[in-house]
Structures are given as C-alpha cells and as structure tokens.
Amino acid sequence: MNYEIAKTIAKLEQSAKVGKESIQAEIDKLVELQAKKGELDPLEQTRLTTLEKQLEAIDDQIDGIKESEEATYDLNKAAEETLDAFDRMKT
C-alpha cells in the first residue's frame with residue numbers, strides 16, 4: 001500500500017472514530033431518555049433514527065475508501081507486472 005494513501009486512510013479513520021463517538025454519545029442519551037419515558041416523542045425518535053443511520057453511513061464510507069484503495073493498488077501492481085513482462089520480452 002502506498003504510504004501516503006495509508007496515512008490518509010488512517011487520518012480518515014481517526015476522524016470517523018471521533019465522529020462516531022460523538023454520535024454514539026447522542027444515541028446513548030436518547031436511549032436513556034427512552035428508557036426513562038418509556039417512549040420518545042416523534043422528534044426525538046426521528047433524531048435517534050437519523051443518528052443510527054449516520055453511524056452506518058460513516059462505516060460504509062470508510063469501507064468504500066478502503067476498497068477503492070485496494071483496487072487501485074491491485075491495478076498498479078498488475079500494470080507493473082505487465083511492464084515487467086514487456087521488458088523481459090524485449091530481452
């Protein structure tokens with residue numbers, strides 16, 4: 001893996017972790033409120049649902065970035081192997 005890409009992915013993962021922790025804290029508050037009240041009002045329930053979807057979206061985005069990087073790495077490796085094969089054919 002390219003060092004710069006790996007570094008960028010690590011930064012993105014760290015940012016995602018911080019964001020997810022913040023979102024999870026909000027979810028925990030709403031779940032606690034739900035346990036106390038028995039039921040959330042519609043606005044609170046919508047907020048809870050939205051926050052849960054945001055957590056999933058963050059995970060999906062990070063997974064997508066990793067998959068793209070892996071595919072790029074594989075393509076670059078295949079291109080290098082092809083160039084090496086042409087160089088061997090020349091000799």
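Here are a few exercises, with worked solutions, on a predicted model.

**Exercise 1.** Work out which helices K20 and D59 lie in and what their salt bridge ties together.

*Solution.* Start with the contact itself: the K20 and D59 side chains meet in a salt bridge, at 2.6 Å from N to O. Next, place the partners. K20 is in helix α1 and D59 is in helix α2, so this pair ties together parts 39 residues apart in sequence. Finally, check the exposure. K20 has 27% relative accessibility, so it counts as partly exposed. D59, at 34%, is partly exposed too.

**Exercise 2.** Find how far apart E32 and K36 sit in terms of helical turns.

*Solution.* First, the bridge: E32 and K36 form a salt bridge whose closest N and O atoms are 3.5 Å apart. Now count along the chain. The two are four residues apart in helix α1, so about one helical turn separates them. As for exposure, E32 is partly exposed at 46% relative accessible area, whereas K36 is exposed at 65%.

**Exercise 3.** Trace the salt-bridge network that contains D41, and decide whether E44 is buried or exposed.

*Solution.* Begin with D41, which forms a salt bridge with K37; their closest N and O atoms are 4.0 Å apart. Then follow the shared partners: K37, D41 and E44 are joined into one network. Now for exposure. D41 counts as partly exposed at 32% relative accessibility, and K37 does as well at 44%. E44 has a relative accessible area of 18%, and the cut-off for buried is under 20%, so E44 is buried. To see its surroundings, leave out residues up to four places away in sequence: E44 then touches L30, L33 and K37. E44 itself belongs to helix α2, residues 42-90.

**Exercise 4.** Say which residues form the negative surface patch, then look at E52 and E70 within it.

*Solution.* List the members: E52, E56, D60, D63, E67, E70 and D74. Take E52 next. This residue is in helix α2 and, at 36% relative accessibility, counts as partly exposed. Its C-alpha is 9.9 Å from that of K20, although the two are 32 residues apart in sequence. Now E70: it is also found in helix α2, and its relative accessible area of 46% makes it partly exposed.

**Exercise 5.** Give the C-alpha separation of Q24 and A6.

*Solution.* Locate Q24 first: it is in helix α1, residues 3-37. Then go 18 residues along the chain to A6, where the C-alpha separation comes to 26 Å. Q24 is partly exposed, at 32% relative accessibility.

Methods: Residues are numbered from 1 along each chain as its sequence is written. This is a predicted model: local features need pLDDT of at least 70, side-chain atom pairs count only at pLDDT 80 or more; totals for chains, interfaces and linings use all residues. Side-chain values use heavy atoms; hydrogens and water are left out. Buried means under 20% relative accessible area, exposed over 50%, partly exposed in between (1.4 Å probe, protein chains only). Contact means heavy atoms within 4.5 Å. Patches are made of residues with over 30% relative accessible area and no salt bridge: like charges are joined within 9 Å, nonpolar side chains (Val, Leu, Ile, Met, Phe, Trp, Tyr) within 5 Å. Accessible areas come from the Shrake-Rupley method with a 1.4 Å probe; for residues, only the protein chains shown count as cover. Lys and Arg count as positive and Asp and Glu as negative; His and the chain ends are not counted. The place of a charge is taken as NZ of Lys, CZ of Arg, CG of Asp or CD of Glu.
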